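Trainee: I am new to this structure. Can we walk through it together, one question at a time?

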Amino acid sequence: MRVIAGVDKGRPLKPVPGRSTRPTTDKVKEALFNKIGPFFEGGQGLDLYSGSGALGIEAISRGLDEMIFVDRDPKAIATVKENLRHCGFSGKAEVYRNDAHRALKVIQKRGLQFKLIFLDPPYFHQKLAFDLDKIDQSEMLETGGFIVVEHHESVKLENTYGKLVLDSREIYGNKTVISVYSGNEE
């Protein structure tokens with residue numbers, strides 16, 4: 001696992017110890033960033049089920065100003081912090097150990113908006129429809145921003161969630177699906 005492109009291109013990243021997380025492969029990570037970027041001119045992002053932090057760190061390396069990382073697993077939070085230090089990105093990140101739904105409530109209260117949001121929960125503990133509805137209702141996605149959802153192929157997502165509209169859906173390997181949503185101005 002490594003940073004694919006940007007200022008930290010090639011830097012290795014540590015996975016979360018144990019089997020509690022499923023890292024996004026470099027091939028899938030490269031394909032998804034080619035769809036949504038591949039590079040950014042500033043902005044803020046949210047990595048809601050951060051695991052090792054690889055997706056959010058990749059986004060910082062490719063030009064986002066800062067990223068909020070959220071995960072409820074203490075091993076994941078320790079790994080995110082270690083990977084951020086290793087890349088020199090600690091000053092560009094906020095890292096929180098919290099449940100995703102509680103984190104969305106806090107973010108809503110703060111009135112934050114994001115250029116890029118990653119939703120990559122454990123495959124069999126997904127409440128993605130709830131997450132997407134909450135993000136839409138709270139207007140957390142900036143105009144021109146993207147939500148990247150990594151999910152198991154058995155999870156069926158709608159083409160729209162309020163103003164969020166499915167831009168693309170790709171299957172990688174046997175079971176991994178990447179669905180990309182953007183905001184639709186009505």
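**Strands, cores and rings**

Mentor: Start with a β-α-β unit, built from β2, α3 and β3 and right-handed. Keep in mind that this is a predicted model.

Trainee: In which sense do β2 and β3 pair?

Mentor: Strand β3 covers residues 93-97. Five bridges join β2 to β3. Met67, for one, stands opposite Ala93 in β3. The sense of the pairing is parallel.

Trainee: Which element gives the largest share of the largest nonpolar core?

Mentor: That core has 28 residues. Leu32, Phe33, Ile36, Leu116 and Phe118 have the most contacts inside it. Elements that each supply at least two of its residues include α1 (26-36), α2 (54-61) and β4 (114-119). The largest share is five residues, and the element is α2.

Trainee: How many residues does the second, separate core have?

Mentor: Ile107 and Leu128 are among its members. Tyr161 and Leu166 belong to this second core too. Its count of residues is 25.

Trainee: Is the pair of Phe33 and Phe118 stacked, edge-to-face or tilted?

Mentor: The ring centres lie 5.9 Å apart. Stacked needs planes under 30 degrees apart, and edge-to-face needs over 60. Here the planes stand at 55 degrees, so the pair is tilted.

Trainee: How many residues apart are Phe33 and Phe118?

Mentor: Phe33 is in helix α1, and Phe118 is in strand β4. Both Phe33 and Phe118 are buried. Their pair links distant parts of the chain, and the separation is 85 residues.

Trainee: Which residue joins Phe33 and Phe118 in one aromatic cluster?

Mentor: Look at what Phe33 touches beyond its neighbours within four places in sequence. Its contacts there include Leu55, Leu116, Phe118 and Phe40. The residue that completes the cluster with Phe33 and Phe118 is Phe40.

Trainee: What kind of aromatic pair do Tyr161 and Tyr181 form?

Mentor: Tyr161 lies in strand β6 and Tyr181 in strand β8, so the pair ties together parts 20 residues apart in sequence. The centres are 5.8 Å apart. With 65 degrees between the planes, the pair is edge-to-face.

Trainee: Is Tyr181 buried or exposed?

Mentor: Buried means under 20% relative accessible area. Its partner Tyr161 has 6% relative accessibility, so Tyr161 counts as buried. Tyr181 has a relative accessible area of 0%, so Tyr181 is buried.

Trainee: Over the face of which residue does Arg62 lie?

Mentor: Arg62 is also in contact with Phe33. The ring that Arg62 lies over has its centre 5.6 Å away, and the residue is Phe39.

Methods:
Residues numbered from 1 in each chain as written. Predicted model: local features only at pLDDT ≥ 70, side-chain atom pairs only at ≥ 80, totals over all residues. Heavy atoms only, no water. Core = buried A, V, L, I, M, F, W, Y, C linked by side-chain atoms within 4.5 Å. Buried < 20%, exposed > 50% of the residue type's maximum accessible area, 1.4 Å probe, protein only. Helix = DSSP H or I, 4+ residues; strand = E, 2+ residues; numbered from the N terminus. Contact = heavy atoms within 4.5 Å. Phe/Tyr/Trp six-rings, centres within 6.5 Å; stacked < 30°, edge-to-face > 60°. Lys NZ or Arg CZ within 6 Å of the ring centre and 35° of its normal. Pairing = 2+ DSSP bridges. Right-handed = clockwise from strand over helix to strand, strands pointing away.
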